[in-house]
Amino acid sequence: MKLRCLVAALCLGVGVMAGKYSREVNEHKTSGGDGQTVEFRIAKLNQVWEKAKRLSPVWQAELHSDLKIQEKDEMQWKKMKVEELDENGEREAQLRRNFNVILAKYGMDGKRDTRPLESNSLKDHDTKEGDIFDDPRLNKLWNKAKSSGKFSSEELLSLKREFQHHKDKIHEYNILMDMVSRTEEIHKNEISPLEGDAKEHVLHRKHTELKQKMRDLTQGFERLRKLSHEGFTEDSEFREPRVIELWEAAKRANLSGDELDSLKEELHHFETKVEKHSHYQEQLELSHQKLRHVESLGNKEHIKRNQEKYNTLSEKTREMGYKMKKHLQDLSNKISSQGLEHNEL
């Protein structure tokens, strides 16, 4: 029943959202030097997008929404720079790091690409059963939970999303740790004593971020361990891993009861957005599989019709990804700023 309601809501909202998103995308698209329309207003983002064709459809959509977020942040930073609101360059350094994380995440940083090209995290039939999370501790915990008999099929899907989210967080931590190591190596070999304090400040910030991510990983694994042993409780506020992570951060942020209640309501709205995005990703993957099948049959009319459906669904998936990630960014900033304000009082 819940799934039927979700699908109905998706169908009702598609026309309005697609129209608005299409207008926004078309307004943002500009012509390059050769007169061709480009996807982004920043050259380096277009260069990355040109390399995205080798990725699976779901990962292409994910990359597109990440690049849209990066574009938004860089355009905002350009305004800040004009108004001299980033004098110490911290915001610029953060944007550079975010861009490098995107490159590493999608295997475009010049290193060996470990990302499957024609698969995505929503499927599990193309990975060996019992060894799907790359991390021995996660695999052991997952196999134990799966065979415990404590979880229904729906709960196992929710639990699997939690494990996948933790795996992604480990990947992000490893990317950041590698970046810190490279930064230290570069600074060690540079001869610029006048910039010594600035270098130390940058490295200190990166190490602080690393420690925080490690704390998050430790807390996240402990939560998975507890969940795997005890199962989901009836009073669980949320199901989606990213929403749970935000809620746990909010409870640690020393917010008032009213602020927590208000945030909880907003998180429920965000969770619906995350669920819609997941549904679009699944439909995009199915549409791609159908398109490939139709192409193999050679009927041009069927190919054209399925290609149009796939293109429309791809755009909607990118749209939902951008909206969801922007909302996630806003919520994270909101929780951080409110927690900081309370700690300063």
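**Two helices and a small set of cavities**

Helix α9 is followed by Gly298, a residue with a positive phi near 85°. In this predicted model, α9 itself runs over residues 257-297 and holds 41 residues. From the first C-alpha of α9 to the last, the helix reaches 60 Å, which is close to the 60 Å expected at 1.5 Å a residue.

Helix α3 can be described in a similar way. Its 26 residues, 57-82, reach 38 Å between the first and last C-alpha, again close to expectation, here 38 Å at 1.5 Å a residue. α3 is mostly covered, with 19 of its 26 residues buried. Just after this helix comes Glu84, which takes a positive phi of about 55°.

Attention now turns to the interior. The structure holds 2 cavities of 30 Å³ or more, and the second largest has a volume of about 40 Å³. Lys169, Glu172, Tyr173, Lys213, Asp216 and Leu217 line this second largest cavity. Two helices, α6 (153-189) and α7 (196-230), are the elements that each give two or more residues to that lining. Sorted by class, the lining of the second largest cavity comprises 4 charged and 2 nonpolar residues, with no polar ones.

A general point helps in reading such a lining by eye. An α-helix has 3.6 residues a turn, so residues three or four places apart point the same way.

Technical notes
Residues numbered from 1 in each chain as written. Predicted model: local features only at pLDDT ≥ 70, side-chain atom pairs only at ≥ 80, totals over all residues. Heavy atoms only, no water. Helix = DSSP H or I, 4+ residues; strand = E, 2+ residues; numbered from the N terminus. Expected span 1.5 Å × (residues − 1). Buried < 20%, exposed > 50% of the residue type's maximum accessible area, 1.4 Å probe, protein only. 1 Å grid on protein atoms, 1.4 Å probe; cavity = no way out; pocket = protein on both sides within 12 Å on 5 of 7 lines; lining within 4 Å. Points joined across faces, edges and corners; volume = space filled by probe spheres on them. Nonpolar A, V, L, I, M, F, W, Y, C, P; charged D, E, K, R; others polar.
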